[in-house]
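Student: I have just opened this model and would like to know how its labels are earned. Could we go through a few of them together?

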Amino acid sequence: MKNYLKNAVLLGTLFLVGCSSLIQKKESASIIIKNGTILTMDKNNNVINNGVVVIKDNKIISVGNKNLLNTYSAPKIIDAEEGIIMPGMINTHSHLPMIAFRGLGEEGIKNRLFAYFFPLEGEKLSRDLIYKATIHGSIDMALSGVTTYADMYYHMDEMAKATKEIGIRGVLGETVIKFPVVDAKTPYGGIEYAVNFIEEYKNDELITPAFGPHAPYTVSKEKMQEITRLSEKYNVPVMIHVGEFDDEDKRLNLKNRSVIEYMDSIGVLNSRVLLAHGIHLNEKDLDIIKKRDAAIAYNPMANAKGATGIARTYEMLEKSIKVGLGTDGPMSSNQVDLFRTLSYASSMQRLKYNDRTIMTPDIVVRMATIGGAEALNLDSKIGSIESGKLADIIIVETKSSNMMPNYDPFATLVFQANSSNVDTTIVNGKVIVEDKKLKTYDIEKNRKQMKAIEADIAEFAKGLAQKAKSMD
Ligand SMILES: [Zn+2]
């Protein structure tokens, strides 16, 4: 009897110890974000108030309400302080190193391309400048909540190195064009450059290598087809400027066909293709783009500044064409972050269609996040806050005066917020910006690098300003 009692007490004790360890033991994670409004950007555009996101290594493992705090523990807890927790933004079109030249040639000259772009690119684009300018541009994006950008430029290996150093994602398309350029001595040398770059970076965590044929009127039919074959072989994106100008069909001598019809007839439109701008397109063009499952990078702010026109984005979205937002190069919109572009994205469509009810803020935020991911075929990995996706997340604070009141977080983001409201940026599970401070690069070092570049280019640009006057 005594022994029986003893055993019962022992079992009871074990049972209690077992229970309490069950209660205390939480599943371990890497980072928990709490106390914010989560814009998940999932299929139903779910918004979670007082939400919690759980990150383990580089992935999101759980998204829900504050009860998740009872299930998970992590060495790092980020209090969003009632801010907005959303997917990192995706800039689908840029030429980032041109950030070294932004602000030049703004004196209202007609021939800016010939007076500024070409001489600057011909004279000043060294590997070193591309690297340092990409460091600066990537810092600018990280601090303003862009976690992925797509780019078409030169020396993509330098850009990849700098992008990785700051810790954001890059879809980097090496330029292919029919002239000799800074990194290719022969016409179309970019194809070989791109293939080498793709081989080097095809399995990279942050970099997606790509082809960047400049435009249908600067790349021959045969070379476009060669790029299409290679992009299929390597399964990489192709980014190309299309419909930026209203005379592209004339430049191609197409007579009665559109540029899109021409591209379709030579077999270069498919789901890997991202068309930058897409302003001068007709309805038939949109149907072809939809049929081929190609995507559009909509750059409303750059298009307004350059007076190139307003894309039919509203109709594209009505036809379920994949559309992402872009800034274009920093000489075109002078920005690399998307905040101002968000408001242009809505306002320009309302002006074009004379309808204030279209392009509501939730649609615009979708374009800046999951829409961009779809346009780049990265939507299975990034673009929304859902369990299983890579942890690319930003927190936008709502304490600054411009963020109050905050009745509708989508409207607050699109029409009130600016880049300085970004408090935290996480890419691939790594916190690269915290309390509005960059953690991956010495900001003072970057400032000195950019001041030296600025001094050198300012000197060179004096001559350009004078020549520009005589050209006009
Ligand atoms: Zn462009």
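Tutor: Gladly; we will take the labels one by one and set each value against its cut-off. This is a predicted model, where local features need pLDDT of at least 70 and side-chain atom pairs count only at pLDDT 80 or more, while totals for chains, interfaces and linings use all residues. Residues are numbered from 1 along each chain as its sequence is written, and side-chain values use heavy atoms, with hydrogens and water left out.

Student: What makes the site of the zinc ion irregular?

Tutor: Start with the donors, meaning N, O and S atoms within 2.8 Å of the metal (3.2 Å for Na, K and Ca); water is not among the atoms, so sites may look incomplete. Here His93 (NE2), His95 (NE2), His241 (NE2) and Asp328 (OD) coordinate the zinc ion at 2.1 to 2.5 Å. Four donors are tetrahedral if all angles lie between 85 and 135 degrees; four are square planar and six octahedral if opposite donors are over 155 degrees apart and all others between 65 and 115; anything else is irregular. The angles among the four donor atoms run from 86 to 174°, so the tetrahedral range is exceeded and the site is called irregular.

Student: Which spacing do the donors of the zinc ion follow along the chain?

Tutor: The spacing is H-x1-H-x145-H-x86-D. Within it, His95 and Asp328 link distant parts of the chain, 233 residues apart. His95 is in the loop between strand E8 (89-94) and helix H2 (112-124), and Asp328 in the loop between strand E15 (322-325) and helix H12 (339-353). Helices (H or I, at least four residues) and strands (E, at least two) are DSSP runs, numbered from the N terminus. Both His95 and Asp328 are buried.

Student: Why is Thr425 called buried?

Tutor: Buried means under 20% relative accessible area, exposed over 50%, and partly exposed in between (1.4 Å probe, protein chains only). Thr425 has a relative accessible area of 0%, so it is buried. Thr425 sits in strand E17 (residues 422-427), and its side chain reaches the backbone oxygen of Ala142 at 2.8 Å. That counts as a polar contact (a pair of N or O atoms within 3.5 Å; within protein, one must be able to donate a hydrogen and the other to accept it, and residues adjacent in sequence count only if both atoms are side-chain atoms).

Student: How do you know that Ala307 is exposed while Asn50 is partly exposed?

Tutor: Ala307 has a relative accessible area of 68%, so it counts as exposed. Asn50, at 36%, therefore counts as partly exposed. Ala307 lies in the loop between helix H10 (300-305) and helix H11 (313-318), and Asn50 in strand E3 (residues 47-56). Neither is a glycine, yet phi is positive: about 55° for Ala307 and near 50° for Asn50.

Student: What makes strand E2 and E3 a pair?

Tutor: Two strands pair if DSSP finds at least two bridges between them. Strand E2 (residues 31-39) and E3 have six bridges, in the antiparallel sense, with Ile38 opposite Ile48 in E3. E3 also pairs in the antiparallel sense with strand E4 (residues 59-65), over six bridges. E3 and E4 form a hairpin with two residues between them, and Asp57 in the turn has a positive phi of about 55°.
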